[in-house]
Amino acid sequence: MDPLETRELRYFVAVAEELHFGRAAELLGMAQPPLSRAIQQLERRLGVLLLERTRRGVALTGAGEVLLDEARATLDAAAAAARRTRRAASPRSRLVLAAKAAGSHELLRKLLDAYAAEPDAAEVEVVLCGIGEETRLLRDGRADAALVHPLFSSLAGFDSEELLTEGQVAVLPAEHPLAARPFLSMAEVSDVPDLPMPRWPHPDGSYPPGPGPEIRDPSQLAQLIALGRTLAVIPASARAWLWTAHTAVPLTDAPPVTTHIAWPPHSRSRALAGLIRTATRL
């Protein structure tokens, strides 16, 4: 069988994610009939059924779910190759470092200062992301390295070095009675009637069920905590972004959070190697 083409994979991913041929065709900027024919041809080439088509709609088969995972990884790898090749051709050496917004603030500042003092240090562009987004940027080539918390993001497929392990704190509205406590437990902050825990989106954009507010980014979370609508459990170092309307209380039994620096295992960038060496020395 001939190798699969990225065009075919892109078509399939669009249909698999939308589960609707019309919406997928619109997303791809093409008519629906040629898209349907392309998917049918892909199924014939593979000799498997990828999509169940019924009057009620479209659903992925078991084989379709496997191809969706593989296709996403393949398309990310192709995009990463193009992006990193363009950066390598730049006359000025440059690295892109992804980090969670409001996370690992002190570590990030020390790393940037220490690396900038190195001879022949590359220019470092910092991209701040939402929870779990760092590894997506690393995987598709928008970042060369990332500061990652494995408690929230998987390190699978990357090389990494452990940099820092720390405890967690509960961030509460400053006027809330619990904010006056010297310590709290996870049980005490997990079910506060007037401060339901926030809900962060899954990778597919959906939110888990629950009474807490739907959160998209740290600034939104900070505002809702200040308004007395929710609380947050965060790594202790993330206290750098707290407002005067917030109070951070240490948690006695929260799982520790470890920060890693992660990078693609096949990288041959000297600039990246220098950044990793600087990070591990810290």
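**Salt bridges and a three-stranded sheet**

Good morning. Arg109 is partly exposed, with 38% relative accessible area. I begin with this residue in what is, I should say at once, a predicted model.

Which residues are linked with Arg109 in a network of salt bridges? The other members of the network are Glu106 and Asp113. Let me take the two contacts in turn.

In the contact between Glu106 and Arg109, the N to O distance is 2.4 Å. Both residues belong to helix H5, which covers residues 105–116, and they are three residues apart, about one turn of the helix. Glu106 is partly exposed, at 34% relative accessibility.

The second contact joins Arg109 to Asp113, where the closest N and O atoms are 3.4 Å apart. This pair, too, lies in helix H5, with a spacing of four residues, again about one turn of the helix. Asp113 has a relative accessible area of 48%, and therefore counts as partly exposed, the limit for exposed being over 50%.

I now turn to another salt bridge, formed by Arg199 and Glu214, whose closest N and O atoms are 3.9 Å apart. The pair links distant parts of the chain, with the two positions 15 residues apart in numbering, and both partners are found in the loop between helix H7 (186–190) and helix H8 (218–226).

Is Arg199 buried or exposed? Arg199 counts as buried because its relative accessibility is 15%, and buried means under 20%. Its partner Glu214, at 39% relative accessibility, is partly exposed. In total, the count for the model comes to twelve salt bridges.

The last topic is a sheet. Three strands form an open sheet in the order S8-S7-S9, and their pairing is antiparallel. Which strands stand at the edges? They are S8 (232–235) and S9 (246–250); each has a single partner strand, so one side of each is left without a neighbour in the sheet. On average, and with direction ignored, neighbouring strands of this sheet are turned by 35° against each other.

As a general point, the strands of a sheet pair through backbone hydrogen bonds, in either a parallel or an antiparallel manner. Here, strand S7 (residues 168–173) runs antiparallel to S8, and four bridges join the two. Within this pairing, Gln168 stands opposite Pro235 in S8.

To close, I would ask you to find two items in the structure above: the network of Glu106, Arg109 and Asp113, and the open sheet with the order S8-S7-S9. Thank you.

Key. Residues are numbered from 1 along each chain as its sequence is written. This is a predicted model: local features need pLDDT of at least 70, side-chain atom pairs count only at pLDDT 80 or more; totals for chains, interfaces and linings use all residues. Side-chain values use heavy atoms; hydrogens and water are left out. Two strands pair if DSSP finds at least two bridges between them. Axes are lines fitted to C-alpha atoms, for helices over the stretch in contact, and angles run from 0 to 180 degrees between N-to-C directions. A salt bridge is a side-chain nitrogen of Lys or Arg within 4 Å of a carboxyl oxygen of Asp or Glu. Buried means under 20% relative accessible area, exposed over 50%, partly exposed in between (1.4 Å probe, protein chains only).
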